Amino acid sequence: MYPNKEQENRLYELMRLHKALYNGALEQRLLAAGFRPHQFNKRGRLITGWRRVHEHRTFLNKFDQSKDLTLLRRELPEYGGMSYGSSQTTLIRLDIAYKRFFKLGAGAPRFAGRDWCSFDYSSGGKGLKGNGWKLEWSGSNKGSVYLSDVPGTIRFRGAAKPLNCRQLGVILRNGRWYLQVVGDRLPKACHGTRTIAIDMGVSKLLTGKYDNMETLVVPKLAPMHAAKKKLASAQKDLGRKKRGSERYKKQAAEVARIHAQVARLRKHVHNDVSATIAKECRTVITETLNIKNMTAHGGAHKKGLNRHILDAGIGQFLTMLQYKVQERGGDFIVCETRGLAPTQRCHACWSRAPKLLSERVHSCTKCGVTCDRDENAALVMLQFAAPNVAKRQGTLL
Ligand SMILES: [Zn+2]
């Protein structure tokens, strides 16, 4: 979203009010349930946890608190000025946290701190408007949103135009404002006709083999390299600054900004590539994600970090791909890596061909076949899944 200064200030204020509302509602529940804050510091702020001291307990639910919200709105103009539906979703958020705590054994709800970064608007009717909000697209990928408690309309960019919006979220991340739209999407056109097996890579994004033996290689994009370089140098600079100093904080914000930039870029590329594959293929075959096999040797620290980055990246891509393929009614088949071991097998004679990660070429000692390592893996998966593919397509046709 691109709010102007006035709108941005209002959004910050709303963020603060929602957080205060959440914390207030949590406090109210704790007090009613017989808890009392245990210890205060000099400023009167709570520093340690809450203890149950009263025998008398009342458990408040979201309906009780909604009633109190109405009173609160009457008394405090700050809250009166907020969208009612929107403030209610914050109470519901607390209610959900409680339900998770009681029913699912999740941790007890905690007071929101700096991590509080979003608030929602609830649904109302059908289409692109709801309780105190309205969305409008003015082009293929831009539009504006009206929020009843923010002056004017806020411009935004985004192509994912839904059919019905059920919920709207406002998210603040790294100093940027985002709009999250939950809703039903227009059904996309049908899937394609091809079948592809995909091997996810480290040095390239992926290697694919189509059923007609054509190869698809998607390299890591050049802008990605540039952005990563920038990130590495910014992180190096951060290491030179004194921890906790003003300069350190400033540099840390810069690192976070570049991090977000890299993530956005990666997501963009992943969206593009997965959309293209989903469009032209009916069946997509991959293996279970196993980052351990993909991470090169290195120090324990570096290994952990690499794994983390790879994990997030490849996981994101496969999730997108699966969603897009299935959205079009196609099949997404996942081979069990452990039993099949596509990289450790020869596609021609099916014998095991163990190799290190550094060996980029598959050359079989049994039958003499030589080809690219990743292409071999994709071919193995393609053959392995073939009966499955035939079965599915046969029953579906
Ligand atoms: Zn062989």
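Which residue in β14 does Thr283 stand opposite? I will start there this morning, and the answer is Asp331. Please keep in mind throughout that what we have on the screen is a predicted model.

Let me place that pair in its surroundings. Strand β13, which covers residues 281-287, is joined to β14 by five bridges, and the two strands run parallel. They belong to an open sheet of five strands, which you can follow in the order β12-β11-β10-β13-β14, and the pairing within this sheet is mixed. At the edges stand β12, residues 215-219, and β14, residues 331-335, and because each has a single partner strand, one side of each is left without a neighbour in the sheet. As you go from one strand to the next, the twist averages 20°.

Now please look at helix α6, residues 246-280, which lies across β10, β11, β12 and β13, and which runs at about 125° to β13. We can check the length of α6 with a little arithmetic: at 1.5 Å a residue, its 35 residues should span 51 Å, and since the C-alpha atoms at its ends are 52 Å apart, the two values agree. The buried residues of α6 are Arg266, Ser274, Ile277 and Ala278.

Arg266 brings us to another helix, α7, which covers residues 300-327 and contains Gln316. Although Gln316 and Arg266 are 50 residues apart along the chain, their C-alpha atoms are separated by 9.4 Å. If we leave aside the neighbours within four places in sequence, Gln316 is in contact with Lys267 and His270. Is Gln316 itself buried or exposed? It has 16 C-beta neighbours inside 10 Å, and therefore it counts as partly exposed; to be buried, a residue would need 20 or more.

My next example is a pair of helices, α2, residues 62-75, and α4, residues 84-103, whose axes come within 10 Å and cross at roughly 150°. An angle over 145 degrees counts as roughly antiparallel, and so that is how α2 and α4 are described relative to each other. The crossing of α2 past α4 is right-handed. On the α2 side the contact is made by Lys62, Gln65, Ser66 and Leu69, and on the α4 side by Ser87, Gln88, Leu91, Ile92 and Asp95. As you look at that list, remember that an α-helix has 3.6 residues a turn, so residues three or four places apart point the same way.

Finally, let us step back to the whole protein chain, which has nine helices and 16 strands. Of its 397 residues, 22% count as buried.

Definitions and conventions: Residues are numbered from 1 along each chain as its sequence is written. This is a predicted model: local features need pLDDT of at least 70, side-chain atom pairs count only at pLDDT 80 or more; totals for chains, interfaces and linings use all residues. Two strands pair if DSSP finds at least two bridges between them. Helices (H or I, at least four residues) and strands (E, at least two) are DSSP runs, numbered from the N terminus. Axes are lines fitted to C-alpha atoms, for helices over the stretch in contact, and angles run from 0 to 180 degrees between N-to-C directions. Two residues are in contact if their C-beta atoms, placed from the backbone, lie within 7 Å. A residue is buried if 20 or more other C-beta atoms lie within 10 Å of its own, exposed if 12 or fewer, and partly exposed in between; C-beta atoms are placed from the backbone. The expected span of a helix is 1.5 Å times one less than its number of residues. Angles under 35 degrees count as roughly parallel, over 145 as roughly antiparallel, 65 to 115 as roughly perpendicular and the rest as oblique. A crossing is left-handed if the near helix is turned anticlockwise from the far one by less than a right angle, and right-handed if clockwise.
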